[in-house]
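Work through the exercises below with the sequence and the 3D structure in view. Try each task before reading its solution.

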Amino acid sequence: MRKHLLAVVVLSAVGLAVTWPPLRGQAQAAEEQLARQRLESGLKFLESRNYPEALKDFRAVAVLYGKSSVADEALLLVATCEFEATGNLGAAEQAAADLLTKYPNSKSAPMAYVLLGRIAVARGRTKENFDSAIASYQRAQTLFKRSDAVAAAIFYAGEAHRLNGNHNDAIASYREVTVLYPRSIWAARAQIGLATTLVRAAPTREVAGRAMEELQRVRQRFPDTRDAAIAVARLTILYRLYVLPQLGQPPYVPTSRKIGGTTGKLKDITALAIGPADEIAITNDQWVGLYDKSGTVLKTAPLNPSYGAFFLPDGRAVQIGKGAVRILDQQAAVALAVPKPDNTLRPLDEIPAAAALSSGDLLVADAGTKSVLRFSPSGKYLNSFAGVYARRLAVDDLDQVAMLDRDTKSVVVADRNGRTLYQIPSRGKDYELRDPIDITFDAFGHLYVLDRDNAAVFMLTPAGKLIASFTIAEKSPGAFRKSRAMALDSAGRLYIFDDRALSVQIYQ
């Protein structure tokens, strides 16, 4: 009997030894299929911009099917979605770090290093963050020399140098991408970065010509891409500023397009702002309206008094009210107050203008102290940014801040820490600012100044050199003799509100 039982056990063991690998293989195949199906589901949600559901699927793949061949890809998608879609830097960083811990040699690992570098820059443009970003990009290049992500790593290294004002290093990185990976989409992006950096470093007609050649190559080599559209937009800006004036032609002409609100007429408009997606915020003293590129009303929000609006780096529009700012469509406002010597708080009653840095910190013009103050995104007072009685504020992609000085009628430009970089005086060669009322930057860092008394827009280099101006005779179509506010979209089109026209007129 015991021999019989032993034989059964042996036979059972042998049977298990023979049949278990096929069973395990079938189970693994089934898990692999489920993992791929769940990943595909997440990608469909991602395509439709349903980010919460996409993240659920990607996280499920990473947790439930951690041994599948797509687990590393799922973690990378979690990190990318959290970074680019939700703006949750902590969650993005954690997912990228988990990927590198669990799957250090996977095909997704090099892009995880790239993403960690981008997250470091997004946390704040400090020396430490830039150094950390460059180190992450270098790891991607050193550890994964044959990966397609190397081109992305070199490109983002160029971006980090550009955003830090290191023009020569940025140019070198961009050129490396275009030489080593000429057919990659990263080459297109590098050529756009190269063109932008060349002009910012030396805004001359000759340099602008070389930059236009780089942008033209993007159009020719990568047609029908988003990068080609960006290249066309920046080509147009350079053509307006550096070519048309040499031909004796105005940089802009009026179009038939206007924004007149729901009634066809806008009254008492005090400010305009355009966001990253070219949505237009129009403000009067009692409300803020958000419009799309075609002039269709997307939403309106009452606010009394209403001083203006600006956009956060993530594209959300923010209303400026009495003593507070409020994200459009949100009930809770961020109260703004500064400490007094007795440790009580003084609310900022009148706020002529406000803007946001890439870090999310708020710059607020305070009429009470005739200065610009810096606050955290939550409204905590940080410091005095600049002693300028600012009528308008504008921030470019390098976090350079232009402040239109109400007292001196000049424009002061400072770095992200408030250190003055240069000043556009009220009177310069070939121009005079009589009643400057608005300012803005384009993608190359050119400064545009709207002057109500001159009925003109002046375009100047960072050195204060006038390179173009735009005006229209008083009785001609598109004239803006009573202008109040100005904005510039991604293609460099001008939007000007005029009290006589009672609409926002568009020039291209």
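**Exercise 1. Find out how many of the 17 residues of α9 are buried, and describe the helix itself.**

Step 1. Helix α9 is mostly covered, since 14 of its 17 residues are buried, where buried means under 20% relative accessible area, exposed over 50% and partly exposed in between, with a 1.4 Å probe and protein chains only. The model is a predicted one, in which local features need pLDDT of at least 70 and side-chain atom pairs count only at pLDDT 80 or more, while totals for chains, interfaces and linings use all residues. Residues are numbered from 1 along each chain as its sequence is written, and side-chain values use heavy atoms, with hydrogens and water left out.

Step 2. The helix covers residues 185-201 and reaches 24 Å from its first C-alpha to its last, close to the 24 Å expected at 1.5 Å a residue; the expected span is 1.5 Å times one less than the number of residues. Helices (H or I, at least four residues) and strands (E, at least two) are DSSP runs, numbered from the N terminus.

Step 3. At the N-terminal end, α9 is capped by S184, whose side chain places an oxygen 3.0 Å from the backbone nitrogen of W186.

**Exercise 2. Determine how α9 packs against α10 and against α7.**

Step 1. Two packed helices are described by the angle between their axes and the distance between the axes. Axes are lines fitted to C-alpha atoms, for helices over the stretch in contact, and angles run from 0 to 180 degrees between N-to-C directions.

Step 2. For α9 and α10 (residues 205-221), the angle is about 165° and the axes are 8 Å apart. That makes α9 roughly antiparallel to α10, because angles under 35 degrees count as roughly parallel, over 145 as roughly antiparallel, 65 to 115 as roughly perpendicular and the rest as oblique.

Step 3. For α7 (residues 149-163) and α9, the angle is about 15° and the axes are 10 Å apart, and these two helices are therefore roughly parallel to each other.

Step 4. The crossing of α9 and α10 is left-handed, and the crossing of α7 and α9 is left-handed too; the term applies if the near helix is turned anticlockwise from the far one by less than a right angle, whereas clockwise gives right-handed.

**Exercise 3. Identify the bridge partner of G308 in β7, and place that partner in its surroundings.**

Step 1. Strands β6 (residues 308-311) and β7 (residues 317-321) pair in the antiparallel sense over four bridges, and two strands pair if DSSP finds at least two bridges between them.

Step 2. The partner of G308 is I320, which counts as buried because its relative accessibility is 2%.

Step 3. Both faces of β6 are covered, with G308 and F310 buried on one side and A309 and F311 buried on the other. Five residues lie between the two strands of this hairpin, and G315 in the turn has a positive phi of about 100°.

Step 4. I320 is 37 residues from T283 in sequence, and their C-alpha atoms are 9.4 Å apart in space. T283 is itself the bridge partner, in β3, of A271.

**Exercise 4. Work out the strand order of the open sheet that contains β3.**

Step 1. The four strands follow the order β2-β3-β4-β5, with antiparallel pairing.

Step 2. The edge strands, β2 (269-274) and β5 (297-302), each pair on one side only.

Step 3. Neighbouring strands of this sheet are turned by 15° against each other on average, direction ignored.

How values were computed
Polar contact = N/O pair within 3.5 Å; in protein donor to acceptor, adjacent residues only side chain to side chain.
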